[in-house]
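Hi there,

Here is the structure I promised to pass on to you. Have a look through it first, and then read on for my notes.

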Protein chains: 4
Amino acid sequence: MNFDIIRAGRVKFHVEDLERSKTFYDALGFIETERDDCHIYLRGLEEHNHHSICLKKSNEPVAEVISYKVADDRHLDELASFFENKGQLIKWKEAGEEKALGRTLRTTDNSGLTIEFYAEMEQAEIMLQRYDLYKGANVQRIDHFNCMVPDVESAYKFYIDELGFRCSEYTAAADEKIWAAWLHRKPSVHDVAFMNGIGPRLHHVGFWLSDPMSIINCCDVLAALNYGPNIERGPGRHGLSNAFFLYLRDPDGHRIELYNGDYLTSDPDFKPKRWDLDDPKRQTFWGHEAPDSWFEEATQFLDVNGRKTETSEPLLEKKKPTFVI
Amino acid sequence: MNFDIIRAGRVKFHVEDLERSKTFYDALGFIETERDDCHIYLRGLEEHNHHSICLKKSNEPVAEVISYKVADDRHLDELASFFENKGQLIKWKEAGEEKALGRTLRTTDNSGLTIEFYAEMEQAEIMLQRYDLYKGANVQRIDHFNCMVPDVESAYKFYIDELGFRCSEYTAAADEKIWAAWLHRKPSVHDVAFMNGIGPRLHHVGFWLSDPMSIINCCDVLAALNYGPNIERGPGRHGLSNAFFLYLRDPDGHRIELYNGDYLTSDPDFKPKRWDLDDPKRQTFWGHEAPDSWFEEATQFLDVNGRKTETSEPLLEKKKPTFVI
Amino acid sequence: MNFDIIRAGRVKFHVEDLERSKTFYDALGFIETERDDCHIYLRGLEEHNHHSICLKKSNEPVAEVISYKVADDRHLDELASFFENKGQLIKWKEAGEEKALGRTLRTTDNSGLTIEFYAEMEQAEIMLQRYDLYKGANVQRIDHFNCMVPDVESAYKFYIDELGFRCSEYTAAADEKIWAAWLHRKPSVHDVAFMNGIGPRLHHVGFWLSDPMSIINCCDVLAALNYGPNIERGPGRHGLSNAFFLYLRDPDGHRIELYNGDYLTSDPDFKPKRWDLDDPKRQTFWGHEAPDSWFEEATQFLDVNGRKTETSEPLLEKKKPTFVI
Amino acid sequence: MNFDIIRAGRVKFHVEDLERSKTFYDALGFIETERDDCHIYLRGLEEHNHHSICLKKSNEPVAEVISYKVADDRHLDELASFFENKGQLIKWKEAGEEKALGRTLRTTDNSGLTIEFYAEMEQAEIMLQRYDLYKGANVQRIDHFNCMVPDVESAYKFYIDELGFRCSEYTAAADEKIWAAWLHRKPSVHDVAFMNGIGPRLHHVGFWLSDPMSIINCCDVLAALNYGPNIERGPGRHGLSNAFFLYLRDPDGHRIELYNGDYLTSDPDFKPKRWDLDDPKRQTFWGHEAPDSWFEEATQFLDVNGRKTETSEPLLEKKKPTFVI
């Protein structure tokens, strides 16, 4: 059973000030597809769909939902049955209720993350060769969601056994308990990762860049625009996933990862890579420490009914240098 | 019907002098997995399988075969039936007959290209984070085959309708005849491309790099090692596929493309991009001309029985600036 | 005697359409300092002086003058005496006659090139850390003039023996006749180069970039803006000077070199590097050929009185692969 | 009076284990020119002189001396008189006493730093185009010394007023007291910098790289070779000097800066750039904090007689975020 989920599709962030957010995402090189009084829709340079970020004006900076694209509309019905059988609340939206999207199925996964599935999104012009519009990090496309959950092992099993994701890399302790896992549908390192921590929360959304210099250039541009304080971590290289990374906090505190350097995971005989919890190269290949904020802060979700999702403490011990990449 | 072909897997080149070839491929950054008196097996830095290039000592520099990896061994039987029904000769090799491979099915496609399918190849250590071994172009992995065939439209239909490939980009004339097509199984621009020309011949094998600077560095290293004359074309940017490219001729004249910059083609609603035959940005985005050798020279194949495959003239008119990217 | 010439300072180009030129130089990343109805003044991102390019509206695309900066105003008088003693016409302009410049001395060197000296130019804001304004090639600063002259050996001796330049690299034939020479005052490879050819003409003005990726990015931006045909040669690596280069033709045909990769030549014991006329790595380290236009076309000068300078054939045989880098 | 000092020339480090050091500097891309039982001599890829680092086997990891190159041997006598008149001890070494050097003058500056002057050093092959030998950071050449001294203002005046250095950038507090200063002879940002701190000590020696990607590649190579813990700070961008930087500690704790991105300071009318002590972009343009070790640890000197130089507390208050770039 895999429901033909294609890939991580979009995130919907609530933000307090649309213009303030727009200025920030502009600096990273996002293209604005469309806007109305309450929303701005952004996409990366190579994206052929309407948006990968929807910013919604709100009083509280939460993640409304993270959305996955499926291959065909009929998979939505299959997913609806599946989640209902699991006892999860589901909520349908008709085509167009979510701007530019076909009908969507919103529900909750076994960790309490608010997720959404859709098969159709309006087409948009691919800007890949509009190099004259490249700016900041030249963001190419959405890559993955990274979520903090209290029980990674359970999330891991749910996505692999029930939703047909595959594991590329994971972190385990001596007792082989899984502390963090990178799971994919498209043949990259991940569409979603789970890390042990207070959750369910959205730790960050990762966007793929075409080369490492885009990250260096982005830091310079951000600093020139006085966004230096928004650079939270990096640039650096993750041991896990091999990604050359930069972590940013948008004006509402939502975390964005700019990301380059992972690899193809298309083969059925690809073996997930195990990292020991205490391997110093796992978190940062070069040995840098991450700041406390990176370990502690994350974005809360709204549930299917629009109420803020409650969080709980992680099952495994929370150790700064250990429980995350 | 798609037989679950995963991706372009490996090429087997005949070369006159193994050491001479080894020195060249070393300069590009390939890793030698294994060798014997008659063969050298090479892989890219991120490859987890035994090899993507097999060099075989021979008196004549031909391509013995280009090979595709399938998801599961049972797909080989389905493919055998399929090709037999098409009236093609098939040839099985038992596991190990081709070094490091499980059993393989060798046959001929409708253009006369000698192709091979396999499900299993021995594992090899991923060298992605052995940055101390990076050299030349830091070749990461095999990406695609590019073949010259006399009838692109026919090849296009065969791979799409019969083998389940999808088209990412293509070149058409005013009459909508297809002059060249880029087809994929993995969600990149291509696993195989067909160009109108004398064929069946192997124009080049493309290898994926992690960033554009790897190509600049590679040119410098090749020149320092007196391989300047082996640089045939580039560096440049293809309009088609958006690839930043470099074309090299190995010591036997086999053509290698070093390649970076394409995009994700995972979505069912991705629309193939049409390029007009006369669009000057199609071939080279920056406007550079390719040398005549690039249009005229290619590697001939051995057929399933090991005899040199005969070639024929293309159906469509052969025009230098037009019939290829 | 060296008159304390500091460095290549600025070029004054006549162009037919100021707006057309502005659009082009904008794409390369130049900063406009100032303009009036007849002129546009441009500078690179790290330049602290008013301009390094002055574009003047005119009916004919010529080079009015190439200008060198000297350390102190009194050196201008010494230079005036020197050139008068050589029998050259001199022409003073009072401070401000040339916008933003102190008084200038205009004259003719022994090859017939129209040259100018100045000690003072108005200050302008350094934009080096305004990364938000970086565009195209992120042009940093003027680097050098390259001139075609009929008698390189004579130009070489004049600049070294009389004006105190030093030679970093040169090309000689078997008879040790100098075919081309790279001469500097600032400790880089050159402030001016002379190549054997029809002259006196200005072959190109070189601008320094901070890194090779700026050239790749510039090609992409130019192509996206339909300036592909303005890319004349490159990107490539010169053997001579080690420069990673790109040659562009502006809308009037003036040639601009974007340039990165040379080295420090500060030491008195640095030995000029001799290149053999027939060394294939001299012109292009990677082995690429330059197009005919690059060998044949160059910008003519106005003389001190504003009349177009006549040119003559070179003393040494003009051979495409030989007489230039 | 400027004694025609050309540039920072070389450092002589005492190290405990020559092989251990050699392995480290190899990883950075240094070329070994020569060695004997007690010394290893290293140079960068573009250097035409014998060495810019001399490693000497010793029981204690100190800096024996930092050396400046002067234009001509006769300047050494002028410098000797000058320092004797200042009451400083001087010590001559005959040509060859220091391997590959002509006669040298060793003495002490007004901060107690042990400095040396030489006019001649043996030539060595320039490896700039031996791209096949490029490794790690592809170190190009020595750039500068950075020293901690108790009285920056006094050092600043000595080097500018007495030795003819020029200031490119400096840090001052509200009372205009100079906390740190960047001084040059060659037209770059610096040959030597002084920072307020316990001294005299050598904070680091800076080496110039040709592009920012060399720093990223170097981090990856170092990590792959388990030198991750030797990466002390960076990569990042200094506001001051605009340098893209990486700070490393060699196996004896000597600090090396890899460095790219500064600018030309050739012009007499270039105005030194003042940074306010409290400007957050001064230290790190992107806003990263430096680790405590970077502020506190530095290499002590031997004096002219080979005894360890005593240090004293700085005149100005030592404040972590303030007293250094």
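Below is what I found, going from the way the chains are arranged down to single residues.

Please keep in mind that this is a predicted model.

**How the chains are arranged**

Two copies of a chain are related by a rotation about an axis and a shift along it. For chain B and chain A, the turn is 180 degrees and the shift along the axis is 0.0 Å, and the superposition gives an RMSD of 0.0 Å. That is what a two-fold axis does. The contact residues tell a matching story: 100% of those in chain B recur in chain A, so the same surface serves both copies. If you would like to find the axis on screen, go to Asp211(B), whose C-alpha, at 2.6 Å, comes closest to it among the residues of chain B.

Chain C relates to chain A in a similar manner: a turn of 180 degrees with a shift of 0.0 Å along the axis lays chain C on chain A with an RMSD of 0.0 Å. Here too the copies meet through the same surface, because 100% of the interface residues of chain C are also interface residues in chain A.

How much area is buried between chain C and chain A? The figure is about 760 Å², and carbon and sulfur atoms give 70% of it. Chain C and chain A each bring 10 residues to this contact. Which three residues of chain C supply more of its buried area than any other three? They are Tyr131(C), Asp132(C) and Ala224(C), which together supply 51% of what chain C buries against chain A.

**An annotated domain**

UniProt, in an unreviewed entry, lists residues 141-261 of chain A as "domain: VOC". In the model this span is 45% strand and 19% helix, and its end C-alpha atoms are 14 Å apart.

**Aromatic rings**

Over all chains, the structure holds 88 aromatic pairs. One of them is formed by Tyr68(B) and Phe165(B), with 5.9 Å between the ring centres and 85 degrees between the planes, which is an edge-to-face arrangement. These partners come from distant parts of the chain, 97 residues apart: Tyr68(B) is in strand S5 (residues 63-70), while Phe165(B) is in the loop between helix H3 (152-162) and strand S10 (166-172) of chain B. Are they buried or exposed? Both Tyr68(B) and Phe165(B) are buried.

In chain D, the ring centres of Phe24(D) and Tyr25(D) are 5.3 Å apart and the planes stand at 85 degrees, so this pair is edge-to-face as well. Phe24(D) and Tyr25(D) are both buried.

Chain A has an aromatic cluster whose members include Phe3(A), Tyr68(A), Phe82(A), Phe117(A), Tyr159(A), Phe165(A) and Phe194(A).

Two arginines sit over tryptophan rings. Arg141(A) lies over the face of Trp208(A), 4.1 Å from the ring centre. In chain D, the charged end of Arg233(D) is placed over the ring of Trp294(D), at 4.5 Å from its centre.

**Backbone oddities**

Most residues other than glycine have a negative phi, and most peptide bonds are trans. Here are some exceptions.

Gly199(B) and Pro200(B) are joined by a cis peptide bond with omega of about 5 degrees. Pro200(B) is in the loop between strand S12 (192-196) and strand S13 (201-208) of chain B. There is also a cis peptide bond between Gly234(B) and Pro235(B), again with omega of about 5 degrees, and Pro235(B) lies in strand S14 (residues 231-237) of chain B.

Asp4(A), which is not a glycine, has a positive phi of about 45 degrees. Asp4(A) lies in the segment before strand S1 (5-15) of chain A and counts as partly exposed because its relative accessibility is 31%. Asn242(D) also has a positive phi, near 65 degrees. Asn242(D) is in the loop between strand S14 (231-237) and strand S15 (244-249) of chain D, and at 3% relative accessibility it counts as buried.

**One cysteine to look at**

Where is Cys218(C)? Cys218(C) is in helix H4 (residues 213-224) of chain C, and it is buried, with a relative accessible area of 0%. Beyond its neighbours within four places in sequence, Cys218(C) is in contact with Leu28(C), Gly136(C), Ala137(C) and Leu258(C). By contrast, the C-alpha atoms of Cys218(C) and Asp36(C) are separated by 28 Å, with their positions 182 residues apart along the chain.

Happy browsing, and best wishes!

Note on methods. Residues are numbered from 1 along each chain as its sequence is written. Chains are lettered from A and ligands numbered from 1 in the order in which they are written. This is a predicted model: local features need pLDDT of at least 70, side-chain atom pairs count only at pLDDT 80 or more; totals for chains, interfaces and linings use all residues. Side-chain values use heavy atoms; hydrogens and water are left out. Copies are superposed by least squares on the C-alpha atoms of residues with pLDDT of at least 70 in both. Contact means heavy atoms within 4.5 Å. UniProt positions are given in the numbering used here, feature names are shortened, and annotations may be inferred rather than shown by experiment. Helices (H or I, at least four residues) and strands (E, at least two) are DSSP runs, numbered from the N terminus. Rings of Phe, Tyr and Trp (its six-membered ring) pair if their centres lie within 6.5 Å; planes under 30 degrees apart count as stacked, over 60 as edge-to-face and the rest as tilted. Buried means under 20% relative accessible area, exposed over 50%, partly exposed in between (1.4 Å probe, protein chains only). A charge sits over a ring if NZ of Lys or CZ of Arg is within 6 Å of the ring centre and within 35 degrees of the ring normal. Buried area is the accessible area (1.4 Å probe) that two parts lose on being put together, summed over both.
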